[in-house]
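The following exercises concern aromatic side chains and how they are placed. Please work through each task before reading its solution.

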Amino acid sequence: MGVHQYFKSLSDLEQIIRCPGKFKYQEHSVASHSFKVVKIAQFLGTVEEESGQEVDWKQLYEKALNHDYAELFTGDIKTPVKYASKELKQLFSEVEEEMTRKFVEKEFPAEFQDIYLERLKEGKDETLEGQILSVADKIDLLYESFGEIQKDNPEPLFLEIFEEALRTILLFQNMNCVEYFLEHILTDMLSERFTEHHELTGIAMRIIEEHESS
């Protein structure tokens with residue numbers, strides 16, 4: 001038993017590649033994704049705070065930093081597969097939760113187990129911090145897929161991922177940070193010049209229009 005195994009596992013997260021089995025011009029690890037989500041969540045939290053919301057920064061940072069640690073046990077599962085149905089997503093969540101619990105109980109001293117069970121649990125909940133995490137996670141996914149589309153990756157999966165990520169972000173459109181993202185950041189993204197520019201812009205506008213009319 002010892003925290004040594006936990007520290008050692010952090011390097012393993014650098015070896016878990018996101019969206020495995022598909023050709024990519026740029027690989028992204030779970031570790032790098034977690035770092036980017038923390039930075040994105042920090043900005044989104046700043047927008048919320050400047051808009052008058054009270055942000056629990058400790059909660060936000062812990063949720064964002066730890067949100068994909070369970071992929072140490074399951075690996076990264078392609079987004080369209082993981083979210084194919086509510087039942088399947090729930091099953092994945094239960095497996096991740098159980099494997100994380102067993103790891104914490106085996107490797108952490110008793111006095112720290114409750115703390116780390118709380119820190120490593122699913123962070124996407126109904127709190128403001130949980131919602132910011134949900135949005136930040138999808139924004140990074142949007143940028144990962146955007147990077148491949150921008151480089152003319154012929155794999156259609158990345159268009160699917162882009163669509164799924166944007167649809168999920170729009171579910172939080174009532175949030176100040178999402179309104180800011182759509183008005184200022186997404187528009188900058190779509191204004192960049194690249195081969196698939198018109199197609200991607202059309203897809204994004206269609207998704208937003210569908211959401212607004214539903």
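**Exercise 1.** Is F7 buried or exposed?

Solution. In this predicted model, the relative accessibility of F7 is 54%. Because exposed residues are those over 50%, F7 counts as exposed.

**Exercise 2.** What is the geometry of the pair formed by the rings of Y6 and F7?

Solution. The structure holds 12 aromatic pairs, and in the one formed by Y6 and F7 the ring centres are 6.0 Å apart while the planes stand at 45 degrees. Planes under 30 degrees apart would count as stacked and those over 60 as edge-to-face, so the pair of Y6 and F7 is tilted. As for accessibility, Y6 has a relative accessible area of 9% and is therefore buried, whereas F7 is exposed.

**Exercise 3.** Describe the pair of Y143 and F146, and place both residues in their helix.

Solution. The ring centres of Y143 and F146 are 6.4 Å apart, with 75 degrees between the planes, and the pair is edge-to-face. Both residues belong to helix α8, which covers residues 128-150, and because they are three residues apart there, about one helical turn separates Y143 from F146. Y143 is partly exposed, at 36% relative accessible area, while F146, at 4% relative accessibility, counts as buried.

**Exercise 4.** Which residues form one aromatic cluster with Y6 and F7, and where does the charged end of R119 sit?

Solution. Together with Y6 and F7, the cluster is formed by Y69, F73, F103, F108 and Y116. The charged end of R119 sits over the ring of Y116, at 5.1 Å from the centre of that ring.

Definitions and conventions. Residues are numbered from 1 along each chain as its sequence is written. This is a predicted model: local features need pLDDT of at least 70, side-chain atom pairs count only at pLDDT 80 or more; totals for chains, interfaces and linings use all residues. Side-chain values use heavy atoms; hydrogens and water are left out. Rings of Phe, Tyr and Trp (its six-membered ring) pair if their centres lie within 6.5 Å; planes under 30 degrees apart count as stacked, over 60 as edge-to-face and the rest as tilted. Buried means under 20% relative accessible area, exposed over 50%, partly exposed in between (1.4 Å probe, protein chains only). Helices (H or I, at least four residues) and strands (E, at least two) are DSSP runs, numbered from the N terminus. A charge sits over a ring if NZ of Lys or CZ of Arg is within 6 Å of the ring centre and within 35 degrees of the ring normal.
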